[in-house]
Amino acid sequence: MENFPVINLANLNGEEKKATLEKIEDACKNWGFFELVNHGISHELLDRVERLTKEHYRKCMEKRFDEAVRSKGLECVQDELKDMDWESTFFLRHLPTSNISEIPDLTQEYRDAMKEFAEKLEKLAEELLEVLCENLGLEKGYLKKAFYGSRGPNFGTKVANYPACPKPEMVKGLRAHTDAGGIILLLQDDKVSGLQLLKDGQWVDVPPMRHSIVVNLGDQLEVISNGKYKSVEHRVNARSDGTRMSVASFYNPGSDALIYPAPPLLEREAMETNPLYPTFVFEDYMKLYATVKFQPKEPRFQAIKALNSS
């Protein structure tokens with residue numbers, strides 16, 4: 001945990017810019033994750049989102065989760081459950097169109113806070129994509145354009161709570177997987193941990209840090225960077241010591257965006273004739289991903305390649 005990459009984003013505007021870019025580059029190549037501080041989103045807004053998310057869970061979600069668990073008789077299981085996750089979730093869509101007004105049980109205060117938070121995160125995601133362009137040697141705006149499709153990016157938030165679990169050794173909060181999309185920004189609980197990533201064959205904790213935003217890269221950035229950057233397997237361990245909050249926002253390509261390794265990178269690496277990754281429409285990849293999310297990612301790339309050639 002001492003080595004987990006923590007990036008002070010404010011340093012991009014001063015004398016520390018070169019060192020900060022190098023630190024982000026190392027994180028993208030070797031970790032697939034990093035944690036941002038001084039990211040420009042106010043602590044007041046982060047505190048408000050956390051408070052309202054936890055209130056909503058207690059008032060509207062907790063009882064439903066307890067009833068669902070009881071209905072499955074999980075208190076009697078003897079072996080680890082491989083086909084479910086110990087989580088309570090709902091999803092908000094922001095782009096290309098918002099569904100926040102349609103989600104039941106949300107107070108107006110919570111809707112307003114999540115709308116404001118999404119606007120800040122969208123701006124931060126696009127700022128980070130520009131940083132990645134700079135590090136990859138791509139022209140300004142390349143990644144945003146690659147994600148755009150005909151209607152702009154898909155952007156949404158998974159709001160999750162991982163309730164205290166009486167038998168945490170029997171079930172995962174969320175099973176190991178890589179994220180299918182683009183760039184993911186996470187506001188996580190700073191008191192109850194549980195998120196881990198796989199690095200060099202070992203599970204490493206992503207340290208809870210108050211008011212930070214955790215960033216990880218999805219499969220699409222691995223493809224566009226032709227493998228220079230990696231989407232990394234991660235999981236959430238169930239915990240017995242409290243409920244963990246997670247607000248994860250996914251800035252993904254548009255459904256009809258055509259995804260492929262960036263030609264300037266292939267030219268630089270003399271790989272024009274043999275890119276490491278196939279070309280595909282993002283929506284096609286997502287349909288495949290939905291069926292094999294908790295399986296290794298490499299066969300997904302092979303399967304989408306086979307789909308294209310058939």
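Is Asn-226 buried or exposed? Hold that thought while I set the scene.

So, this is a predicted model: local features need pLDDT of at least 70, side-chain atom pairs count only at pLDDT 80 or more, and totals for chains, interfaces and linings use all residues. Residues are numbered from 1 along each chain as its sequence is written, and side-chain values use heavy atoms, with hydrogens and water left out.

Back to Asn-226. Asn-226 is buried, at 4% relative accessibility; buried means under 20% relative accessible area, exposed is over 50%, and partly exposed is in between, with a 1.4 Å probe and protein chains only. You'll find Asn-226 in the loop between helix 5 (219-224) and strand 10 (234-237). Helices here are DSSP runs of H or I with at least four residues, strands are runs of E with at least two, and both are numbered from the N terminus. Its phi is near 55°, so a positive value in a residue other than glycine.

His-211 has a positive phi too, near 70°. His-211 sits in the loop between strand 8 (202-205) and strand 9 (213-217), and is buried at a relative accessible area of 18%.

Okay, now a peptide bond. Leu-95 and Pro-96 are joined by a cis one, with omega about 5°. Pro-96 is in the loop between strand 3 (88-95) and helix 3 (108-136). Why flag these spots? Because most residues other than glycine have a negative phi, and most peptide bonds are trans.

Last bit: UniProt, in an unreviewed entry, lists residues 153-253 as "domain: Fe2OG dioxygenase". Positions follow the numbering used here, feature names are shortened, and annotations may be inferred rather than shown by experiment. Over residues 153-253 the chain is 6% helix and 48% strand, with the end C-alpha atoms 5 Å apart.
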